[in-house]
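Work through the exercises below with the sequence and the structure at hand. Each task is followed by a solution in steps.

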Amino acid sequence: MWDYTDKVREYFLNPKNVGALEGANAIGEVGSLACGDALKLFLKIENDRIVDASFQTFGCASAIASSSILTELIKGKTLDEALAVSNKDIAAALGGLPKEKMHCSVMGQEALEAAIRNYRGEPAMPHSHEGRVVCRCFGITDQQIIKAVKENNLTSVEEITNFTKAGGGCADCLEDIGEILRATLAGETGAPQKPLIPDMRPKTVPPQNAPLSNVQRMQRVMSVLDEIIRPRLNQDGGDIELIDIDGKKVLVALRGMCTSCPSSRLTIEGFVQQTLRDQVDPDLTVQEVTS
Amino acid sequence: MSRVIYMDNNATTSVAPEVLDAMLPFLKEQYGNPSSMHTFGGVVGKAVDRARQQVADLLGARVPEEIIFTSCGTESDSTAILAALEAQPEKRHFVTTRVEHPAVLALGQHLEKKGYRVTFLGVDAKGNLNMDELKAALTRDTALVSVMYANNETGVIYPIKEIGNMCRERGILFHTDAVQAVGKIPLDLKNMPIDYLSLSGHKLHAPKGIGALYVRRGAPFRTFLRGGHQERGRRAGTEAVPNIVALGAACALAAKHIDQENTVVKGLRDKLENALLAAVPESIINGDRTHRLPNTTNISFKYVEGEAILLLLDQFGVCASSGSACTSGSLEPSHVLRAMGVPFTFAHGSLRLSLSRYNTEAEVDGVIKTLPGIIERLREISPYRNLADNVAEGEAHH
Ligand SMILES: Cc1ncc(COP(=O)(O)O)c(C=O)c1O
Ligand code: FES
């Protein structure tokens with residue numbers, strides 16, 4: 001059982017500022033169902049000041065408590081003041097978090113940043129464009145890792161996992177994380193460059209062996225789209241719509257940020273198609289419908 | 001803590017009062033060493049013999065010598081698997097499943113590192129094995145197959161007889177981790193093609209720190225803990241007499257109550273499960289409901305997270321478990337639910353309620369009353385709440 005402070009318990013049992021916010025003019029979303037926690041932060045901003053804030057969270061007790069206390073911390077602050085709130089501030093306001101749960105405070109800080117970017121008309125998640133995905137299981141980039149290391153003075157790979165989740169799944173990326181940690185601590189500028197196409201595939205369950213009926217295939221495609229693909233595209237301000245399933249051909253349309261994204265072909269082939277093949281049927285092909 | 005409603009019996013159980021009574025004299029007056037030459041120790045040795053007989057009776061073993069006392073289920077698993085492999089050094093292949101308890105799974109991964117070829121069989125969405133896949137995995141090089149009798153998370157029971165026969169036809173040894181099955185469903189090992197079977201005391205109302213391994217008479221065996229001649233040289237270390245006596249008493253009690261487990265306890269479980277499914281929209285049962293332990297239900301609630309459910313239940317004194325990432329000790333949901341391909345939306349919101357004969361109908365009613373409100377409360381906080389509504393609407397348009 002986790003050793004939560006009374007403050008965490010209090011904000012979990014009686015969270016403040018729950019639910020969508022009427023008149024919100026900035027929304028920040030981070031996390032996904034696949035990752036096990038997600039936060040949607042609503043802000044009402046007037047004259048560059050946050051006059052109201054609320055949240056919706058899917059996650060454990062510390063995720064709910066972190067989200068709730070964040071809304072209290074930022075109410076009344078100007079945007080620049082709010083941007084100075086770090087994940088450490090969130091954890092401190094709760095009287096501390098178990099070290100394995102620090103990623104909950106990081107999620108709060110990221111949602112805040114995303115909401116303010118949303119308000120300012122900037123892309124929702126800067127790092128997934130600027131950085132290289134290091135941990136496929138949780139979609140964590142080198143930039144996110146470097147940020148967590150610097151802001152929290154992290155010195156071990158284990159701490160990085162506690163703060164960002166990176167490395168907490170299949171563990172394939174641990175060596176890579178260690179290298180980034182070493183480089184960051186040594187003060188080397190920029191992350192080690194590995195010119196890779198960002199591989200955004202989440203950790204997958206292998207496809208079932210039994211052949212699927214058409215209806216089953218369709219249901220599985222729909223649920224994989226809903227649960228894995230859409231949340232991930234949403235993080236980058238994009239969306240996807242299922243147009244049709246014709247045998248083993250899946251027709252989709254990209255929406256939002258994705259339509260203008262020059263790498264949309266990569267998104268379709270590298271991410272959408274690969275994820276569907278991994279999860280549903282290795283023979284599926286995905287085609288984009290442009291209209 | 002005030003009143004507790006304990007529904008986490010697959011994690012561990014209470015020590016039955018009769019079991020405590022049986023073991024206490026061996027913690028007090030009768031502290032002799034069963035190996036000693038004096039009468040004081042000899043009496044204790046008789047108590048160990050009696051316990052061995054009680055365990056053998058519950059399992060339906062041919063002779064009590066087929067039972068070796070160990071310290072826990074994990075030790076029994078390791079002992080059996082390593083014994084079978086060491087006895088056939090020329091064979092280098094081990095077959096098990098992806099849904100085993102870590103006591104087997106982690107050992108399998110270790111063996112892989114040591115150069116063994118290890119096959120981890122997958123399961124379908126209901127948690128069942130594909131028998132054709134199992135058959136195809138068996139080769140001349142296969143030394144041992146290890147498949148659990150029943151799964152600790154979902155309660156799914158595996159076709160042990162069929163698997164055992166498949167192995168026997170090919171001259172392959174077969175081990176089953178029956179830690180969750182013993183005491184819950186009837187066993188009759190003399191008529192089963194099983195070479196090794198593991199059990200653990202604390203899952204059937206004996207204390208923690210005692211297990212047993214059944215080794216079929218004639219099955220090859222190699223010692224895991226070397227030293228003294230205890231357990232006929234098969235497991236060294238002075239016998240944990242109070243625990244052994246307790247395990248014997250617990251097995252005798254279990255034999256007496258096995259019908260009750262499959263009628264009364266099963267009835268309570270079914271009532272609980274059906275009421276929750278009816279009261280909470282978007283909830284599903286994980287695992288094949290037709291081949292399942294009578295005491296276990298594993299139910300998933302869409303769009304909420306398991307640890308949050310457990311902490312709210314804790315407020316009402318209800319003890320349960322979850323396979324969510326936050327409770328699995330890793331950052332991913334339970335390996336069992338993932339092997340079954342349970343969608344993430346459901347996997348993170350899983351709740352395991354496991355009953356025992358000490359649960360009452362009033363307790364079941366209490367959980368039926370509190371749990372739906374808890375789920376509703378968490379869904380109100382969840383950003384995916386609306387997603388659920390949208391999906392429903394979308395379907396209506398078609
Ligand atoms: C299926 C199974 N195998 C093995 C074990 C390990 O037993 P023990 O805790 O006695 O080592 C458990 C206990 O959780 C179990 O459920
Ligand atoms: S890739 Fe990072 S944990 Fe799997």
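**Exercise 1. Describe the interface of chain B and chain A by its area and its residues.**

Step 1. In this predicted model, chain B and chain A bury about 2,900 Å² between them. Carbon and sulfur atoms carry 62% of that area.

Step 2. Take the residues next: 34 residues of chain B are in contact with 41 residues of chain A.

Step 3. Three residues, B:L331, B:F344 and B:I381, supply 24% of the area that chain B buries against chain A, more than any other three residues.

**Exercise 2. Find the polar and charged links between chain B and chain A, and the elements on the side of chain B.**

Step 1. The count of salt bridges between chain B and chain A is 1. Its partners are A:K101 and B:E307, with the closest N and O atoms 2.7 Å apart. The cut-off is 4 Å, so the pair with its 2.7 Å qualifies.

Step 2. Polar contact joins 8 residue pairs across the interface of chain B and chain A, both residues at pLDDT 80 or more.

Step 3. On the side of chain B that touches chain A, two or more residues come from each of α8 (306-315), α9, α10 (344-347) and α11 of chain B. Of these, α8(B) gives the most, with 6 residues.

Step 4. By residue class, this side of chain B divides into 17 nonpolar, 7 polar and 10 charged.

**Exercise 3. Classify the aromatic pair of A:F58 and B:Y384.**

Step 1. The whole structure holds 3 aromatic pairs over all chains.

Step 2. For A:F58 and B:Y384, the ring centres are 5.6 Å apart and the planes stand at 80°, so the pair is edge-to-face.

Step 3. The pair crosses between chains: A:F58 is in strand β3 (residues 49-58) of chain A, and B:Y384 is in the loop between α11 (361-381) and α12 (385-397) of chain B.

**Exercise 4. Describe how the two domains of chain B meet.**

Step 1. Chain B is divided into domain 1 (5-11 + 257-392) and domain 2 (17-254). Their C-alpha centres lie 29 Å apart.

Step 2. The contact takes 27 residues from domain 1 of chain B and 31 residues from domain 2 of chain B.

Step 3. The two domains of chain B bury about 2,500 Å² between them, with 54% of it on carbon and sulfur atoms.

Step 4. Between these domains of chain B there are 0 salt bridges, whereas 17 residue pairs are in polar contact (both at pLDDT 80 or more).

Step 5. The side of domain 1 of chain B that touches domain 2 of chain B draws at least two residues from each of α7 (241-279), β10 (296-301) and α9 (335-339) of chain B. Its residues divide into 9 nonpolar, 13 polar and 5 charged.

How values were computed. Residues are numbered from 1 along each chain as its sequence is written. Chains are lettered from A and ligands numbered from 1 in the order in which they are written. This is a predicted model: local features need pLDDT of at least 70, side-chain atom pairs count only at pLDDT 80 or more; totals for chains, interfaces and linings use all residues. Side-chain values use heavy atoms; hydrogens and water are left out. Domain bounds come from an automatic or database domain assignment. Contact means heavy atoms within 4.5 Å. Buried area is the accessible area (1.4 Å probe) that two parts lose on being put together, summed over both. A salt bridge is a side-chain nitrogen of Lys or Arg within 4 Å of a carboxyl oxygen of Asp or Glu. A polar contact is a pair of N or O atoms within 3.5 Å; within protein, one must be able to donate a hydrogen and the other to accept it, and residues adjacent in sequence count only if both atoms are side-chain atoms. Helices (H or I, at least four residues) and strands (E, at least two) are DSSP runs, numbered from the N terminus. Ala, Val, Leu, Ile, Met, Phe, Trp, Tyr, Cys and Pro count as nonpolar, Asp, Glu, Lys and Arg as charged, and the others, Gly among them, as polar. Rings of Phe, Tyr and Trp (its six-membered ring) pair if their centres lie within 6.5 Å; planes under 30 degrees apart count as stacked, over 60 as edge-to-face and the rest as tilted.
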